[in-house]
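Me: I'd like to learn how to read the features of a two-chain model. Could you walk me through one?

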Amino acid sequence: MPDADVAQLERRLVRERKARKQAEDLLEQKSRELYQSNQELAGAVSAFEASSSRLSAILDHSFAGTLVSDSDNRVIVINRAARAMFRQAEGNVVGASILDLFDDDARECCEDAATSYIGTDDQEGSEVWHEASGLRSDGSSFPLEFIVTNLELSDDLHRIWIFRDLTQQRLAEAERLALEEDLRQAQKLEALGTMAGGVAHEINTPIQYIGDNMNYLRDGMSDMLSVLRAYQDLERYVDVESEAGKAFERIRSLERDSDLDFLLDEIPKAINQATEGLTRVSTIVLAVKQFAHSDTEDGQAFSINQAVASTIEVTRGQWTPVAELETDFSDDLPYLIGHPGEFNQIMMHLIVNAAQAIDESGKEGNGCIKIRTRYENDSLLVDVSDNGCGIPKAIQDRIFEPFFTMKDVGKGTGQGLALCYRIVTQGFKGSIGMTSIEGEGTQFSLQFPTQIEGLDKKG
Amino acid sequence: MFSFLASCGSGVGVMKGVVFTEFLEMVEDNFSPNIADQIVEASDLPSGGIYTAVGTYDHQEIVTLVQNLSAETNIGIDQLLHAFGKHLFGRFVEGYPAFFDGQQNAFQFLQSVEEYIHVEVKKLYPDAELPSIIASLEAPNHLKIVYRSDRNMGDLAHGLIEGCIKHFDEAIDIRRSYATVETGHQTEFDLRRAA
């Protein structure tokens, strides 16, 4: 081989070796850079994962139901609160249309809300909350409100949906309205009670002196009758032809004209009947006074037997046309602490309900209401039973719901038993139960814990 | 290998080593190893003519090598760059057949360079400064390509386009026009497919 060729090959060999070395150095350098990049990438991934976990945890701990969707309203992320709200598993929702979470009627509203800001200056969405009806996985619907905001991520439009379940709010609202209605009723009753108490007080005084006078008249009349009998006996000793005899004859004539024997028999009876009537009026007046007694703010100790008796008297006009009322009062009861006015209200509702049930059953001739009181296991127990129409089994678990009524329109607001339930459970911390057989009758059983230990005054 | 296209980039400083290795390979194949050695020796290059395909070298060195090859062979620089372009495209086809999947003709491929191939080049060489190759289909048989670069490598681009046409075995007429623009040089290629 010529020397020139050898020299050329040697130069080329040198270049190739150096190129290889250069490539190896470059490879080594790139390997280091790659390692470094990997380290940085691993750190970034780790930081990203931590950040993602943190964001996910924050999202999941938010009380507001939150979803992220794409611009086609397909769900990308759903947080725990939203899953609980819609009772959905994550896998069932992600990828599905967010419209599936709305009631049929609410979907249009949802779509409108999602697109309402497009084309306006407000590209992030408006701060308007929309009310709609949500759909749970079990098919039940519930009230909710939601707000939609826009988010641009990597040039893609995303929507953030925040939901609030309005179920509790609506219930609270209904409860507030019911309480307001109760308050109005209570104010009305209080006014009526005050008036009734005043009237009773005013009647009580004349009733007392009328009663006293009737007693006086009865005693006086008895004395006068004795005197009259004595005068009548005198006739036997008088000559009929004498002036005295003629006077007696005129008296006899007057006796016959006035039917004196009848008067002598009936006047004492009339006085007794009037006295009985006055006693009855007096009892009613006393009952009204007790029933209308104003409650103190903190409550007071009172006799439930006395309270029941008062209520029986006050409601007498309601139950006497349809039923007999039997009482079985234990006379060994401690006082109950609370508001007697509220207790009277419970008893009034139960007695009136019982009378109406009997009226509806058509058992007027054989209607019977029984009220029993007793004391067991630190609790005062009151049973109010009737042999009325009873309550159908299908609705027995709803009778304490507000606004539920089985009475005809206009006869009941559906608030009576709900009010009883609230007063017993909240006012007296007690319980109320019911057993009923349709067509045979109903019994309400009330339990009132005696709250102050050592208070053993007997009622 | 598609970094050939990146190597024709608009950056004024450096150029990918693959241009140099492919250039010297072309010289050895088409002329002789001796001529390749001679132009390397004659060029007195900062790199010493030691190139690896994955390295990066001063752009001026390829200019010097082409000038010296021209002097050595009495062939014009424009012709050499043109031939080099065609050679590069052939190597591109060999190295990256995936880029030709689904490509039916030269017009279709040339239209994908900016949106597809350059995107892939950027993934491998994020710092690559690529030329702008805007292809617009004026009519079904008429494609207009505007090539912009700081390096005035219009002849190389021409060779690449011809290599492409040759690959798809089409009869396409190419007309070139030059312009100097603010950002460097602009070459327009007017391609008309024979009816």
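Me: Thanks! Let's start at the interface: which residue of chain A forms a salt bridge with B:E41, and how far apart are the closest N and O atoms?

Reply: Keep in mind that this is a predicted model. For a salt bridge, look for a side-chain nitrogen of Lys or Arg within 4 Å of a carboxyl oxygen of Asp or Glu. Here the partner of B:E41 is A:R15, with the closest N and O atoms 3.4 Å apart. The rule finds five salt bridges across the interface of chain A and chain B. By class, the side of chain A that touches chain B has four charged, three nonpolar and two polar residues.

Me: What area is buried between chain A and chain B, and what share do carbon and sulfur atoms give?

Reply: About 1,000 Å² is buried between the two chains, and carbon and sulfur atoms give 52% of that. On the chain A side, A:Q8, A:R15 and A:Q22 lose the most area to chain B, together 51% of what that side buries. In terms of contacts, nine residues of chain A meet 14 residues of chain B.

Me: Now the interior: which residues have the most contacts inside the largest nonpolar core?

Reply: They are B:F23, B:F109 and B:L191, in a core of 52 residues. Apart from this core lies another, of 39 residues, including A:L333 and A:I351.

Me: Where in chain A is the pLDDT below 50?

Reply: Where pLDDT is low, the predicted coordinates should not be read in detail. Chain A has a mean pLDDT of 84, and 90% of its residues reach 70 or more. Its residues 453–459, however, have a pLDDT below 50.

Definitions and conventions
Residues are numbered from 1 along each chain as its sequence is written. Chains are lettered from A and ligands numbered from 1 in the order in which they are written. This is a predicted model: local features need pLDDT of at least 70, side-chain atom pairs count only at pLDDT 80 or more; totals for chains, interfaces and linings use all residues. Side-chain values use heavy atoms; hydrogens and water are left out. Contact means heavy atoms within 4.5 Å. Buried area is the accessible area (1.4 Å probe) that two parts lose on being put together, summed over both. Ala, Val, Leu, Ile, Met, Phe, Trp, Tyr, Cys and Pro count as nonpolar, Asp, Glu, Lys and Arg as charged, and the others, Gly among them, as polar. pLDDT is the predictor's confidence in each residue, from 0 to 100. A nonpolar core is a set of buried Ala, Val, Leu, Ile, Met, Phe, Trp, Tyr and Cys residues joined through side-chain atoms within 4.5 Å. Buried means under 20% relative accessible area, exposed over 50%, partly exposed in between (1.4 Å probe, protein chains only).
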